[in-house]
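User: Could you take a close look at the strand pairing here and walk me through how the sheets are put together?

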Amino acid sequence: ANQTTVLAFDMGASSGRALVGRLIAGVNGSRKLEVTEIHRFPNHAVQVGNHLHWDILRLLREMKKSIRFAFQQGYEPATFGIDTWGVDFGLLDANGELIGNPYHYRDPQTEGLIDEVNALVGKMKLFKESGLQFMPFNTLYQLYAMRKAGSPKLDIARTLLLTPDLLAYLLTGIRSCEFSMATTTALYDPDKQAWNKELMGRLGIPADLFLDPVHPGTIVGPLSAEVMAELGVPAMQAVAVGTHDTESAVAAVPAGDDPFAFLVCGTWSLLGTEMDGPLLSDETLALDFSNEGGVGGTYQLLKNIMGLWILQECKREWDEQGNEIGFGELAAMAEGAEPFRSLIHPDDPRFFAHGGMADKISAFCEETGQPAPRNEAEFARCIVESLALRYRQALEQAERLTDRTYAGLHMVGGGIQNKLLCRFTANAIGKPVWAGPVEASAIGNMLAQLLATGECKDLREARELVAASFPVDVYEPEADSSWADAYRKFLGFGRT
Ligand code: LFR
């Protein structure tokens, strides 16, 4: 196999996927990336007592299965990369064994800790030293919660591995720390480009748990001898990709040289723009944006938006009541429902936790003097319209922060399969939406592998490969003044 073949694991909050990418030579030196999904599996949070966990060993088993499938199907990937959601981690003991089950970022243990830590450290100082939006799940709060709970795990821990690094370790036996994930912890100082040991000391977080970060595109090392023997496969090299899924997704935005705005759309919606470095201004703090490190030396100035989680949770509830409606059908039903009957602010904190989502939406509507949605169609319409309006607000904020205007919005990720959301977003922002690719995280993951092996020389060339390989759907805004009226009403919710 002289064809370059790579394997990407992309772990989302509701499913994990393994995809094979092959670099295909076309005519006159052109190349294409051909992507095939070889395995998809559910990823469910598991409640144990008061805590919510990831089923990390299940993910490992499914990854091993994926590797076996890949070779059985005749692919011979030379490298693999892993990307997952941000912030979460596992701890290793002195023997290199995993201590306990990693917590899920929606575990309630960090409730109230943003304010507590701000009082201790100072909000401005914490922002300047982390560059991050104040999200309750940031690694800092999780470790501080464990310290406050007197967790013995912290006492016996020797190494902290962020989820993608942990999964890579379970396959290779090699400990590493990848930069893009490190920047989601709030314990990494993007200005000094170093772990913030002083802050760890103040919060009682052991400072020697953290490894020096390596940048996306670094080869970590081969599968362990045990895993090769167990699976009967040859050595594959693990590559540290943009292991934070959001960063892999942004790497796969088929944009050219001009500054661009993106929306990574999945369980979360991450809206922002690519930068050369962090923007640690007072205004960034005031508008509650994050600076997250990415592929190719970039930084993403972005806002975390609650995203399709709200709809996923409603659907889960209806499914449990025996009322199973597919996402496609829900979108079609929403399209037929009355416009702008009820709106929510998706980032009201009540929508963060599991459960009771439809009731929370109704309560929000009642508190804000609006009628509550009456049926699934109206709930779905309310969510999709509200997200589109929130995107407009975040896009305008990004423009203000960077003092630029963007010609349109690149939408990538699984959420763009919701065409109603893409259409409404174009209407809300009054600019075109360019939607694609859907599997952006997995593709960006592959690109970092191609950067590591020298198949792509830089991010720009990697993005040209995306543009040459995957279609983009264009949504032009429709002339409809009711979006402007709805936006005024939305701004009345008064949240940045
Ligand atoms: C998206 C994402 C976001 C992060 C959230 C929680 O999948 O990675 O970027 O804020 O999950 O980790």
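Analyst: Let's start with one pairing and work outwards. Strand 6 (residues 79-83) and strand 12 (residues 237-240) run parallel and are paired over 3 bridges. A pair here needs at least two bridges found by DSSP, and strands are DSSP runs of E with at least two residues, numbered from the N terminus. One of the contacts to look at is Gly81, whose bridge partner in strand 12 is Val239.

A quick note on the ground rules: this is a predicted model, where local features need pLDDT of at least 70, side-chain atom pairs count only at pLDDT 80 or more, and totals for chains, interfaces and linings use all residues. Residue numbers start from 1 along each chain, as its sequence is written.

Now zoom out. That pair sits in an open sheet of 6 strands with mixed pairing, in the order 3-2-1-6-12-11. Strand 3 (31-42) and strand 11 (218-222) are the edges; each has a single partner strand, so one side of each lacks a neighbour in the sheet. From one strand to the next, the twist averages 25° (axes are lines fitted to C-alpha atoms, and angles between N-to-C directions run from 0 to 180 degrees).

There's another open sheet to set beside it, with 7 strands, mixed pairing and the order 15-16-14-13-17-18-19. Its edges are strand 15 (290-293) and strand 19 (473-475), each left with one side free of a neighbour in the sheet because each has a single partner strand. Here the twist averages 30° from one strand to the next. Inside this sheet, strand 14 (residues 269-275) runs antiparallel to strand 16 (residues 299-305), joined by 7 bridges. Look for Leu271 there: Lys303 in strand 16 stands opposite.

Terms used. Helix = DSSP H or I, 4+ residues; strand = E, 2+ residues; numbered from the N terminus.
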